[in-house]
Amino acid sequence: MKKFSELKVGDEFFSTCSISEKELTEYFKFSRVKNAFLEDMQNAKQKIVSGRAILSRMEGEFTRLSQIYGNHIVFVGTDGDSEWENRSSRFLKPLYTDDVLKIKFTISAKEDIDDEFGKIAINYEGTKQDGEIVVLSRKNWYRIKKSIT
């Protein structure tokens, strides 16, 4: 685990995952997402994964990284990117159940809040196993305790 003081803007971390049909079904039940397009795709061999489900998995993968896990860290929101008209995420290609998603996490900003806490902004980049970019998400802010006692 890296402490707040050890995290630097530009640091990159990596993870790989996939979302199974069972996990997607459980996500839809939990989140209560209702989308006619996604429902129409339910008879397909591989089901398309919703953008929110992708971001949720990426968030979970970030918190499980060996460099991050163990910190007292909480997701506090997104600021949006001025280059993207203040949007925070772009979905460029579809992701289907059981596709391999390779994720790169980059620290894009770091700020002190007070003596006890700081904030880090994380950019997510998710690519398929063939290298095609699926999703880009910028300025995902986390509040992080500076020292663990």
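Buried means under 20% relative accessible area, exposed means over 50%, and partly exposed lies in between (1.4 Å probe, protein chains only). The model is predicted, so local features need pLDDT of at least 70, side-chain atom pairs count only at pLDDT 80 or more, and totals for chains, interfaces and linings use all residues. Residues are numbered from 1 along each chain as its sequence is written, and side-chain values use heavy atoms, with hydrogens and water left out.

**Exercise 1. Classify two loop residues.**
Task: Are I48 and S50 buried or exposed?

Solution.
- Step 1: Place them. I48 is in the loop between α2 (36-40) and α3. S50 is in the loop between α2 and α3. Helices (H or I, at least four residues) and strands (E, at least two) are DSSP runs, numbered from the N terminus.
- Step 2: Apply the cut-off. I48 has 12% relative accessibility, so I48 is buried. S50 has 9%, so S50 is buried.
- Step 3: Add distances. The C-alpha atoms of I48 and K102 are separated by 17 Å, with their positions 54 residues apart along the chain. S50 and P94 lie 44 residues apart in sequence and 8.5 Å apart in space, C-alpha to C-alpha.

**Exercise 2. Check the confidence.**
Task: Where in the protein chain is confidence lowest, and where is it highest?

Solution.
- Step 1: Know the scale. pLDDT is the predictor's confidence in each residue, from 0 to 100.
- Step 2: Read the chain. The average pLDDT is 90, and 91% of the residues score at least 70.
- Step 3: Read the elements. Confidence is lowest in α2, with a mean of 55, and highest in β4, at 98.
- Step 4: Draw the lesson. Where pLDDT is low, the predicted coordinates should not be read in detail.

**Exercise 3. Test the length of a helix.**
Task: What should the 14 residues of helix α3 span at 1.5 Å a residue?

Solution.
- Step 1: Use the rule. The expected span is 1.5 Å times one less than the number of residues.
- Step 2: Compare. Helix α3 (residues 51-64) should span 20 Å, and its end C-alpha atoms are 20 Å apart, which agrees.
- Step 3: Look at burial. In α3, the buried residues are A53, I54, L55, M58, E61 and F62.

**Exercise 4. Follow the strands.**
Task: In which sense do β4 and strand β5 pair, and over how many bridges?

Solution.
- Step 1: Recall the rule. Two strands pair if DSSP finds at least two bridges between them.
- Step 2: Answer. β4 and strand β5 (residues 117-128) are antiparallel, over 11 bridges. A hairpin of 4 residues joins β4 to β5.
- Step 3: Find partners. I103 stands opposite G126 in β5. A109 faces A121 in β5 as its opposite.
- Step 4: Go to the other neighbour of β4. Strand β1 (residues 12-17) pairs with β4 in the antiparallel sense over 6 bridges. There, T16 has K102 in β4 as its bridge partner.
- Step 5: Continue from β5. β5 and β6 pair in the antiparallel sense over 10 bridges. A121 stands opposite W141 in β6. In β5, 9 of the 12 residues are buried, so β5 is largely enclosed by the rest of the structure.

**Exercise 5. Describe one strand residue.**
Task: Which residues does T106 contact, leaving aside its neighbours within four places in sequence?

Solution.
- Step 1: Place T106. T106 lies in strand β4 (residues 101-112). Its relative accessible area is 18%, so T106 is buried.
- Step 2: List the contacts (heavy atoms within 4.5 Å). They are G10, D11, E12, A121, I122 and N123.

**Exercise 6. Read the aromatic rings.**
Task: How many aromatic pairs are there?

Solution.
- Step 1: Set the rule. Rings of Phe, Tyr and Trp (its six-membered ring) pair if their centres lie within 6.5 Å; planes under 30 degrees apart count as stacked, over 60 as edge-to-face and the rest as tilted.
- Step 2: Count. There are 4 aromatic pairs.
- Step 3: Take F62 and F105. Their ring centres are 5.4 Å apart and their planes are at 50°, so the pair is tilted. F62 is in helix α3 and F105 is in strand β4, 43 residues apart. F62 is buried at 0% relative accessible area. F105 is buried at 0% relative accessibility.
- Step 4: Take F62 and Y142. Their centres are 4.8 Å apart and their planes are at 40°, so this pair is tilted. F62 lies in helix α3 and Y142 in strand β6 (residues 133-145), so the pair ties together parts 80 residues apart in sequence.
- Step 5: Join them up. Ring pairs link F62, F75, F105, Y124 and Y142 into a cluster.
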